[in-house]
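The following exercises ask you to read a protein structure step by step. Try each task before you turn to its solution.

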Amino acid sequence: MNFKVTGLGLDKMRLDSPQSFLDTEEVEEGEDQQLLEPEAWRTYMEHRNVLREFLTSDLSPHLLKRHHARMQLLKKCSYYIEVLPKHLALGDQNPLVLPNTMFQLIDPWKFQRMKKVGTAQTKIQLLLLGDLLEQLDHGRAELDALLESPDPRPFLAGWGLVEQRLADLSAVMDNFLAMMVPGRLHIKHRLVSDIGATKIPHIRLMLSTKMPVMFDRKESVAHQDWVSLRWFVTIQPAVPEQFELRFKLLEPRTQQECTQCGIIPVATCTFDVHNLLPNRTYKFTVKRAESYTLVYEPWRDSLTLQTTPGPPGGPAPSRLGEPQSGPW
């Protein structure tokens, strides 16, 4: 007898194998078996194997942990609108393939409206992903408790509901995986104004994701009056990116020390900030430079470093702050 649950990929299990019923971890105490007739007990064990297989493969703790990590990463990503001719694939950022004239044809006011739509769609998508992941966590806990139930009779009597629950959770997982990838923006109005041309190009708008910019905490080091900062992007972009580095002195003690802050445009993933005060704590943040196509950036990485103490009898802190009137 082979027991099948349609649509869950569980029908590949061979439950008529003697080993399925000889595993000591799956055999309940003798008094539990005496509650059921032999055939009912066999059916009960088959159902338990199906449920156990689902919890160890389709909804395993390792899989849920990985999805939680991916969800946390998505919350730190930057989201952009990508404008593409309909014959190009998403992610093709070759300027020779996608000329700048494409943006020149788009009505700026309509594009700003679509950016607001993209922001709302991204926020909704992240909220839905969080809700779906919460449903998977709750379903896993619910089925775990059912599997550990000491009385086999309610488990056997309610197996039809369990099957439906397995199918529902499989559907939730499919929806979760499908929503992990940003999709197409739905355009209600034409983005290209009437330019009098005989042929208006066909374009589409897609939401694209860029991995977060994060400080390299091992390579970022503070010295007496300067810091060396390094940061990285998990997936290197095809085109070099521009970044914005911010810094400020925490807990300034004088009005002059309040000038120990700045915003620095950087074209690489490394920068040294000089003319800092010794033995003081600074906060640094880094993100991508503002982009015309950016729609949502909920997170930026920050790093706190303390400069090393200066030599005894060194210059007064007020003098150390004077060079801060530089390009920062």
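A search of the whole structure finds 12 salt bridges, where a salt bridge is a side-chain nitrogen of Lys or Arg within 4 Å of a carboxyl oxygen of Asp or Glu. The model is predicted, so that local features need pLDDT of at least 70 and side-chain atom pairs count only at pLDDT 80 or more, while totals for chains, interfaces and linings use all residues. Residues are numbered from 1 along each chain as its sequence is written, and side-chain values use heavy atoms, with hydrogens and water left out.

**Exercise 1. A pair in one helix**

Task: describe the salt bridge between Arg-140 and Asp-144, and state how accessible each partner is.

Solution. Begin with the distance: the closest N and O atoms of Arg-140 and Asp-144 are 3.0 Å apart. Next, place the partners: both belong to helix 6 (residues 108–147), where four residues, about one turn of the helix, separate them; helices (H or I, at least four residues) and strands (E, at least two) are DSSP runs, numbered from the N terminus. An α-helix has 3.6 residues a turn, so residues three or four places apart point the same way. Finally, compare the accessibility values with the cut-offs, by which buried means under 20% relative accessible area, exposed over 50% and partly exposed in between (1.4 Å probe, protein chains only). Arg-140, at 15%, is buried, whereas Asp-144, at 25%, counts as partly exposed.

**Exercise 2. A pair across the sequence**

Task: find which parts of the chain are tied together by Arg-217 and Asp-301.

Solution. First, confirm the contact, a salt bridge in which the closest N and O atoms of Arg-217 and Asp-301 are 3.0 Å apart. Arg-217 lies in the loop between strand 3 (213–215) and strand 4 (221–222), and Asp-301 lies in strand 11 (residues 301–306), so the pair ties together parts that are 84 residues apart in sequence. Then look at the accessibility: Arg-217 is partly exposed at 45%, while Asp-301 is buried at 5%.

**Exercise 3. The cavities**

Task: describe the lining of the largest cavity and that of the second largest cavity by residue class.

Solution. Start from the definition, in which a cavity is a set of points, on a 1 Å grid over the protein atoms alone, where a 1.4 Å probe fits but cannot get out, and lining residues have an atom within 4 Å of a point. Grid points are joined across faces, edges and corners, and a volume is the space filled by probe spheres set on the points. The structure holds three cavities of 30 Å³ or more. For the classes, Ala, Val, Leu, Ile, Met, Phe, Trp, Tyr, Cys and Pro count as nonpolar, Asp, Glu, Lys and Arg as charged, and the others, Gly among them, as polar.

The largest cavity has a volume of about 70 Å³, and its lining has eight nonpolar, two polar and no charged residues. Helix 6 gives the largest share of this lining, four residues.

The second largest cavity has a volume of about 50 Å³, and its lining divides into four nonpolar, one polar and five charged residues. Strand 9 (residues 281–288) gives the most to this lining, with three residues. Among the lining residues of the second largest cavity is Arg-288, which is also linked with Lys-210 and Glu-241 in a network of salt bridges.

Note on methods: On a 1 Å grid over the protein atoms alone, a cavity is a set of points where a 1.4 Å probe fits but cannot get out, and a pocket is an open set with protein on both sides within 12 Å along at least five of seven lines; lining residues have an atom within 4 Å of a point.
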